[in-house]
Amino acid sequence: MLCGDIYFKLMHKGSLKNKLICRFALNTSFIIDNWYEFSKNTVDPDSLIKDDRFSEDFKIDCYFRDFCNTCNSSIPLERLCIRCTNEMESEIKSWKIIRNIIDVLLLYINFIIILFIESSLSKIWRRSLY
Ligand SMILES: [Zn+2]
């Protein structure tokens with residue numbers, strides 16, 4: 001099962017040594033319909049863009065197969081099946097930490113907005129008194 005950040009290296013198998021052609025990475029969260037495409041512009045190194053050994057329409061198609069037929073990326077973490085929950089244990093912990101950080105940030109933003117609105121209303125109220 002692949003989950004999270006995936007890093008690929010495309011190598012040329014030489015007779016003396018293997019040579020790096022390019023490398024590319026993605027996070028499984030960005031895979032849509034079990035497919036992800038890399039173009040000449042989205043792989044490393046950048047020098048590949050200028051390398052005329054690679055055509056302008058150079059691309060790498062990555063196809064994936066579902067690990068589970070029940071769960072998908074839009075299902076809340078709490079509703080994943082037992083098999084996915086067990087496989088994604090460390091990933092789920094990371095996502096919960098990220099969600100907690102976002103919740104705290106949203107709470108803080110809401111607090112700032114309320115303070116701003118109260119301050120504005122207070123000014124309007126004071127102006128209306130005079
Ligand atoms: Zn599942």
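## A first contact

Isoleucine 21 touches Leu10, Met11 and His12, leaving aside residues up to four places away in sequence. That small cluster is a friendly place to start in this predicted model. Isoleucine 21 belongs to strand S2, which covers residues 19-27. It counts as partly exposed because 15 other C-beta atoms lie within 10 Å, between the limit of 12 or fewer for exposed and 20 or more for buried.

Now look at the contact from the other side. Leucine 10 sits in strand S1, residues 5-12, and it touches Ile21 and Cys22 when residues up to four places away in sequence are not counted. Is leucine 10 buried or exposed? Leucine 10 is exposed, because 12 other C-beta atoms lie within 10 Å and 12 or fewer is the mark of an exposed residue.

## The hairpin of S1 and S2

These contacts belong to a pair of strands. S1 and S2 run antiparallel and are joined by eight bridges. Together they form a hairpin, with six residues between the two strands. If you would like another pair to find on screen, try isoleucine 6, which stands opposite leucine 26 in S2.

## The whole chain

Stepping back, the protein chain holds two helices and four strands. In what pattern do they follow one another along the sequence? The order is β-β-β-β-α-α, with the strands ahead of the helices.

How does the chain compare with a compact globule? For 130 residues, such a globule would have a radius of gyration near 14 Å, while the protein chain has 24 Å. Along the principal axes, its C-alpha atoms fill a box of roughly 90 × 45 × 25 Å. Of the 130 residues, 2% are buried. Among contacts with a separation of 6 or more, 27% are between residues 24 or more positions apart.

## A helix with little cover

Helix H2 takes in residues 89-129, 41 residues in total. From its first C-alpha to its last it reaches 60 Å, close to the 60 Å expected at 1.5 Å a residue. How many of the residues of H2 are buried? The count is zero among its 41 residues, and the helix is hardly covered.

A general point may help as you follow a helix by eye. An α-helix has 3.6 residues a turn, so residues three or four places apart point the same way.

## Two domains

The domain assignment divides the protein chain into domain 1, residues 1-65, and domain 2, residues 72-130. Their C-alpha centres lie 35 Å apart. Four residues from domain 1 and four residues from domain 2 take part in the contact between them. On the side of domain 1 that touches domain 2, there are two nonpolar and two polar residues, and no charged ones.

Some distances give a feel for the layout. The C-alpha atoms of leucine 10 and lysine 93 are separated by 31 Å, and these residues are 83 residues apart along the chain. Isoleucine 21 and serine 94 are 73 residues apart along the chain, with 32 Å between their C-alpha atoms. For isoleucine 32 and leucine 107, 75 residues apart along the chain, the C-alpha separation is 31 Å.

## Loops worth a look

The loop between S2 and S3 includes isoleucine 32, aspartate 33 and asparagine 34. Isoleucine 32 counts as exposed because it has 8 C-beta neighbours inside 10 Å, and 12 or fewer is enough for that label. Aspartate 33 is exposed too, with 7 other C-beta atoms within 10 Å. Asparagine 34 has 10 C-beta neighbours inside 10 Å and so counts as exposed.

The backbone here has a feature to notice. Aspartate 33 has a positive phi of about 55 degrees, although it is not a glycine. Asparagine 34, also a residue other than glycine, has a positive phi near 60 degrees.

Further along comes the loop between strand S3 (35-39) and strand S4 (59-63), where proline 45 is found. Which peptide bond is cis? It is the bond from aspartate 44 to proline 45, with omega near 0 degrees.

How values were computed: Residues are numbered from 1 along each chain as its sequence is written. This is a predicted model: local features need pLDDT of at least 70, side-chain atom pairs count only at pLDDT 80 or more; totals for chains, interfaces and linings use all residues. The radius of gyration is taken over C-alpha atoms; the globule rule is 2.2 Å times the number of residues to the power 0.38. Two residues are in contact if their C-beta atoms, placed from the backbone, lie within 7 Å. The expected span of a helix is 1.5 Å times one less than its number of residues. Domain bounds come from an automatic or database domain assignment. Ala, Val, Leu, Ile, Met, Phe, Trp, Tyr, Cys and Pro count as nonpolar, Asp, Glu, Lys and Arg as charged, and the others, Gly among them, as polar. Two strands pair if DSSP finds at least two bridges between them.
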